[in-house]
Amino acid sequence: MTQPAPSPTAADAQRAFDSREIDAKQGAFAIRGPLLWCEGRPTGGQGLDDPQSGLRQEDDGLLIIDGGQVVEAGPAAALLARCPALPVADWRGHLLLPGFVDTHVHAPQQDVIASFGAELLDWLNRYTFPAEARFADPAHSAAAMGRFTDALLAAGTTTALCFATVHDHAARHLLEAGAARGLQLIGGAVWMDQHCPPALVVPPVQSAAETEALIADWHGRGRAQVALTPRFVPSCTPEALRLAGALAARYPTLPIQSHVAENRAEVAWVAALFPEARSYLEVYDRFGLLRERSVYAHCIHLDAEDRALLAARGASAAFCPSSNLFLGSGLFDLQATLAAGAKVGLGSDVGGGTSFSALRTLGDAYKVLALQGQPLHPALALYLATLGGAEALGLERTGSFRPGDAADVVALRLDRGPVLARRAALRAAPLDRLFALMTLGDEQQVAGVYTQGQLRHRDDR
Ligand SMILES: [Zn+2]
């Protein structure tokens, strides 16, 4: 398998920052505006003014970019004095964040978003499986993957871990569409060989062969990576789980994505399918599917032993609050999961989730956590939607503005709609404005999106 091209270390990037060279260099430029980013998981007091370790902010900041990577982020006045000839894209009046990282989303489910009246298992049968079966038509698949990746980009999401469908061509369309838009997509075809319509059953030997061919063709090609994608335990026979585990063992750094403990009926079903297992999560562990770079969506109905297992294996949870509210699944316990030492990222889980927007998703996260007495500080919210997501996916140069990071940037506007405009005008501190955006905003606030230093989306309405 092709390994992703090594990126320069932070030290290399620091050494490369000679202001005269940057001034003279073709293609180097800077983005100016209020900057907010994380360099670690923020910890600190609950107040917005309390110091937060790991959080960086510049009210009038400059982000210097060269060769698609961040060279340096800091105060505009000081950096411009050092590099007076540097071309500057002026985003003052906006809020500039690292591009969002979506750790759990279903590429074929845009057409089932906002479908009425079902919990998880009924939802799959009534809406999801029929929609995914339509991807047997390659023309439908190619067009839908184009719409899906357009929607990611328009929401300011520059990195995503995505389910395709069971169809090999759909996984290829997904990765092609992501590459064409400069996105960092990780995805794979879904493994499913039982408890679904016959048209969606794929024998596990075929899934294994197709996933291996996809790895050979796409893993490490540009920004794309392939993820091993068993849908969830009930969709996979023990033979499918065994073959998935064998593939995981052959590719020890390959990302893995699945679902766990989303809904109580699902948990009971898994207990009936594997009566000897201690828990739902433990089934994945038996088959070697719980490890670094494995991302499990939901993780709601877990106990302390499960959370300890998740952390011990280096696996990650994808927190999908809008989906969990919409499907009535339950409340994710962020505090307990982080305290156990597990990694956590934010997931839109479209189409069970109701928005591609990380801002809307964070607004729902705040409410899910408020119900548990865990008000989500905007610094931690930013981490979940950017660097925390990147860490959950095992991506080293993503989700922040450290030297050498991919220059993925989202510029958010604060003047769309009178309510947000008034709220943003009242309090101008970047962190306070971020909280206003995650409470009141959505993709309508995305004014510009850069991937690897290229402006890929602009909305001047
Ligand atoms: Zn999902």
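**Figure 1. H377, a buried loop residue.** With 23 C-beta neighbours inside 10 Å, H377 counts as buried in this predicted model. Its place in the chain is the loop between α14 (358-370) and α15. If you would like a long-range reference point, try Q69: H377 and Q69 are 308 residues apart in sequence, and their C-alpha atoms are 29 Å apart in space.

**Figure 2. Helix α15 and its covered residues.** Just along the chain we meet helix α15, which spans residues 378-385. How many of its residues are buried? Eight of its eight residues are, so the label "mostly covered" applies to α15. For those who like to tick them off in the viewer, the buried residues of α15 are P378, A379, L380, A381, L382, Y383, L384 and A385.

**Figure 3. Helix α15 against helix α18.** Here the axes of α15 and α18 come within 9 Å and cross at roughly 65 degrees. That angle makes α15 roughly perpendicular to α18. The crossing of α15 and α18 is left-handed. On the α15 side you will find P378, A379, A381 and L382, and these meet L431, L434, F435 and M438 in α18. Which classes of residue make up this contact? The contact of α15 with α18 has eight nonpolar residues, with no polar and no charged ones.

**Figure 4. Helix α14 against helix α18.** Let us stay with α18 and turn to another partner. The axes of α14 and α18 come within 6 Å, and they cross at roughly 90 degrees. Helix α14 is therefore roughly perpendicular to α18. From α14, the contact is made by L359, L362, G363 and Y366, while α18 brings L437, M438 and T439. Sorted by class, the residues of the contact of α14 with α18 are five nonpolar, two polar and no charged. Readers coming from the previous view may recognise M438, which is listed in the contact of α18 with α15 and again in the contact of α18 with α14.

**Figure 5. Helix α17 against helix α18.** This view pairs helix α17 (residues 418-426) with helix α18 (residues 430-440). Their axes come within 9 Å and cross at roughly 160 degrees, which means that α17 is roughly antiparallel to α18. The crossing of α17 and α18 is right-handed. V419, L420, R423 and A424 of α17 make the contact with R433, A436 and L440 of α18. The residues of the contact of α17 with α18 divide into five nonpolar, no polar and two charged.

**Figure 6. Two domains and the contact between them.** Stepping back, the protein is divided into domain 1 (10-99 + 401-458) and domain 2 (100-356). The centres of domain 1 and domain 2, taken over C-alpha atoms, are separated by 31 Å. Domain 1 gives 12 residues to the contact, and domain 2 gives 13 residues. Which strands are worth finding on the domain 1 side? β17 (446-451) and β18 (454-458) each supply at least two residues of the side of domain 1 that touches domain 2. By class, that side of domain 1 has three nonpolar, five polar and four charged residues.

**Figure 7. A89 in strand β4.** A89 lies in strand β4, made of residues 88-90. Is A89 buried or partly exposed? A89 is partly exposed, because 16 other C-beta atoms lie within 10 Å. Leaving aside residues up to four places away in sequence, A89 touches F29 and I31. For a distant landmark, look to V270: A89 and V270 are 181 residues apart in sequence and 53 Å apart in space, C-alpha to C-alpha.

**Figure 8. Backbone geometry in three loops.** Most residues other than glycine have a negative phi, and most peptide bonds are trans. With that in mind, here are some places to pause. Phi of A261 is near 50 degrees, a positive value in a residue other than glycine. A261 lies in the loop between β12 (256-260) and α9 (264-273), and A261 is buried, with 25 other C-beta atoms within 10 Å. R293 also has a positive phi, near 65 degrees. The loop between α10 (280-286) and β13 (294-298) holds R293, which is buried, with 24 other C-beta atoms within 10 Å. Finally, a cis peptide bond joins V350 and G351, with omega at about 5 degrees. G351 sits in the loop between β15 (343-346) and α14.

How values were computed: Residues are numbered from 1 along each chain as its sequence is written. This is a predicted model: local features need pLDDT of at least 70, side-chain atom pairs count only at pLDDT 80 or more; totals for chains, interfaces and linings use all residues. Axes are lines fitted to C-alpha atoms, for helices over the stretch in contact, and angles run from 0 to 180 degrees between N-to-C directions. Helices (H or I, at least four residues) and strands (E, at least two) are DSSP runs, numbered from the N terminus. Angles under 35 degrees count as roughly parallel, over 145 as roughly antiparallel, 65 to 115 as roughly perpendicular and the rest as oblique. A crossing is left-handed if the near helix is turned anticlockwise from the far one by less than a right angle, and right-handed if clockwise. Two residues are in contact if their C-beta atoms, placed from the backbone, lie within 7 Å. Ala, Val, Leu, Ile, Met, Phe, Trp, Tyr, Cys and Pro count as nonpolar, Asp, Glu, Lys and Arg as charged, and the others, Gly among them, as polar. Domain bounds come from an automatic or database domain assignment. A residue is buried if 20 or more other C-beta atoms lie within 10 Å of its own, exposed if 12 or fewer, and partly exposed in between; C-beta atoms are placed from the backbone.
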